[in-house]
Amino acid sequence: MTHRWLLVLFAFLCSGASAQWLNYPAPGTPRTRDGKPNLAAPAPRAPDGKPDLTGVWMHETTTVAEVKRLFGKLFDADITLAPPGMEIGTQHKYAFNILLDFAPGESPLRPETAELMRRRAAASNPAQVCTGVAGIPRADLLSEPIKIVQAPRLTMVLYEVGNLHRQIFTDGRKLPKEFDLPAYLGYSAGHWEDDTLVVETAGFNDKTVLDGMGHPHSDALRMVERYRRRDFGHLDVEMTFDDPKMYTKPFTIKVPHELLPNDDIFEMYCENEKDSVHLGKR
């Protein structure tokens with residue numbers, strides 16, 4: 001199942017645009033004496049005094065050695081065959097298995113959820129490439145960065161994966177109790193607790209999964225994220241998932257990010273895909 005997912009994933013994310021603004025020295029970036037960005041400088045502040053989260057951010061990556069330690073030989077073929085830019089070692093460990101931290105026998109996965117995963121894996125078709133939405137948190141755990149744009153009453157999160165975007169409203173609105181149009185990325189409202197942006201998201205449909213293992217979620221999923229810019233170059237992101245239909249209890253992951261001060265995100269699209277016609281042939 002995992003190899004099928006990676007095959008579909010690599011085809012879906014098969015092409016990025018030319019690096020038009022790569023290595024552009026962003027104005028206002030604090031620098032050390034040798035001219036390099038000073039990632040340890042104090043976090044910038046917005047006009048309202050809150051930390052400014054604006055920037056291009058990349059999650060910490062899980063090395064090839066760590067992937068082998070965590071998953072054994074499961075990804076050996078992918079370590080050899082993954083296309084440039086999507087090599088094993090450029091993802092976060094939770095992109096593979098969001099429940100990785102749970103010891104055997106302690107997983108919050110409900111038995112009926114495990115059965116749903118089994119049925120979906122048996123029915124999956126590796127020829128279905130260039131389809132589907134990565135969803136969250138997967139779009140922020142793969143091989144590509146994200147971009148945060150912070151404004152006084154609205155913060156945008158732009159994902160290079162699939163050209164996805166989210167709106168986080170910080171104008172005081174609350175999430176509704178019911179959602180007329182469930183969405184792939186849900187609906188988000190945020191507020192500040194001291195220097196931490198707390199984001200509540202709900203109103204998801206059930207058409208995406210949380211990770212490469214296929215852990216599902218239902219339309220009852222509620223997610224709480226906490227964003228704290230530790231200094232100029234480091235962003236701590238904590239995500240808590242609460243889906244009583246699929247899991248027996250909420251669970252939390254922590255994903256540190258590092259600023260890419262001279263980079264940007266680019267278009268990503270699936271074009272010139274030539275493998276699907278050969279899949280399934282003997």
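This is a short group-meeting talk about one protein chain and how its parts fit together.

Hi everyone, and thanks for coming. Please keep in mind that what you have in front of you is a predicted model.

Let's begin with the overall layout. The protein chain contains 5 helices and 11 strands. Of its 282 residues, 44% are buried. If we take contacts between residues at least 6 apart in sequence, 63% of them join residues at least 24 apart.

Now, what do the strands build? Nine of them, in the order β2-β3-β4-β5-β6-β7-β8-β9-β10, form a closed barrel with mixed pairing. From one strand to the next, the twist averages 30 degrees. To look at one pair, take β3 and β4: they run antiparallel and are joined by 5 bridges. Among the residues to find here is Q150, whose bridge partner in β4 is T155.

Next, the inside. Nonpolar side chains in soluble globular proteins tend to be buried together. Here the largest nonpolar core has 40 residues, and I148, Y227 and F241 have the most contacts inside it. At least two residues of this core come from each of α4, β3, β4, β5, β7, β8, β9 and β10. There is also a second, separate core of 6 residues, which includes V67, F71, F75 and F96.

Let's stay with Y227 for a moment. Which residues does Y227 touch, not counting those up to four places away in sequence? They are L53, I148, R166, D195, T196, L197, V199, L235, D236 and V237.

What about empty space? Rolling a probe the size of a water molecule over the atoms shows where it is left. In this model there are 2 cavities of 30 Å³ or more, and the largest cavity holds about 70 Å³ of space. Its lining is made up of I136, P137, D140, I146, V157, Y159, R166, M223, E225, Y227 and M239. So you meet Y227 again, this time in the cavity lining. Strands β4 and β8 each supply at least two lining residues, and the largest share, 3 residues, comes from β8.

Two of those lining residues, I136 and P137, bring us to the backbone. Most residues other than glycine have a negative phi, and most peptide bonds are trans. I136 and P137, however, are joined by a cis peptide bond, with omega about 15 degrees. P137 sits in the loop between α5 and β3.

Two more residues belong in this part of the talk. N163, in the loop between β4 and β5, is not a glycine, yet its phi is positive, about 55 degrees. D194, in the loop between β6 and β7, also has a positive phi of about 55 degrees without being a glycine. Are these two exposed or partly exposed? N163 counts as partly exposed because its relative accessibility is 42%, while D194 counts as exposed because its value is 66%.

My last stop is W192, in strand β6. With a relative accessibility of 23%, W192 is partly exposed, because the cut-off for buried is under 20%. Leaving aside neighbours within four places in sequence, W192 is in contact with K50, P51, L53, Q150 and L197. K50 is 142 residues away from W192 along the chain, but their C-alpha atoms are separated by 8.2 Å. Try finding that pair on your screens.

That's my tour, and I'm happy to take questions.

Conventions: Residues numbered from 1 in each chain as written. Predicted model: local features only at pLDDT ≥ 70, side-chain atom pairs only at ≥ 80, totals over all residues. Heavy atoms only, no water. Core = buried A, V, L, I, M, F, W, Y, C linked by side-chain atoms within 4.5 Å. Buried < 20%, exposed > 50% of the residue type's maximum accessible area, 1.4 Å probe, protein only. Helix = DSSP H or I, 4+ residues; strand = E, 2+ residues; numbered from the N terminus. Contact = heavy atoms within 4.5 Å. Pairing = 2+ DSSP bridges. Axes fitted to C-alpha atoms, helices over the stretch in contact; angles between N-to-C directions. 1 Å grid on protein atoms, 1.4 Å probe; cavity = no way out; pocket = protein on both sides within 12 Å on 5 of 7 lines; lining within 4 Å. Points joined across faces, edges and corners; volume = space filled by probe spheres on them.
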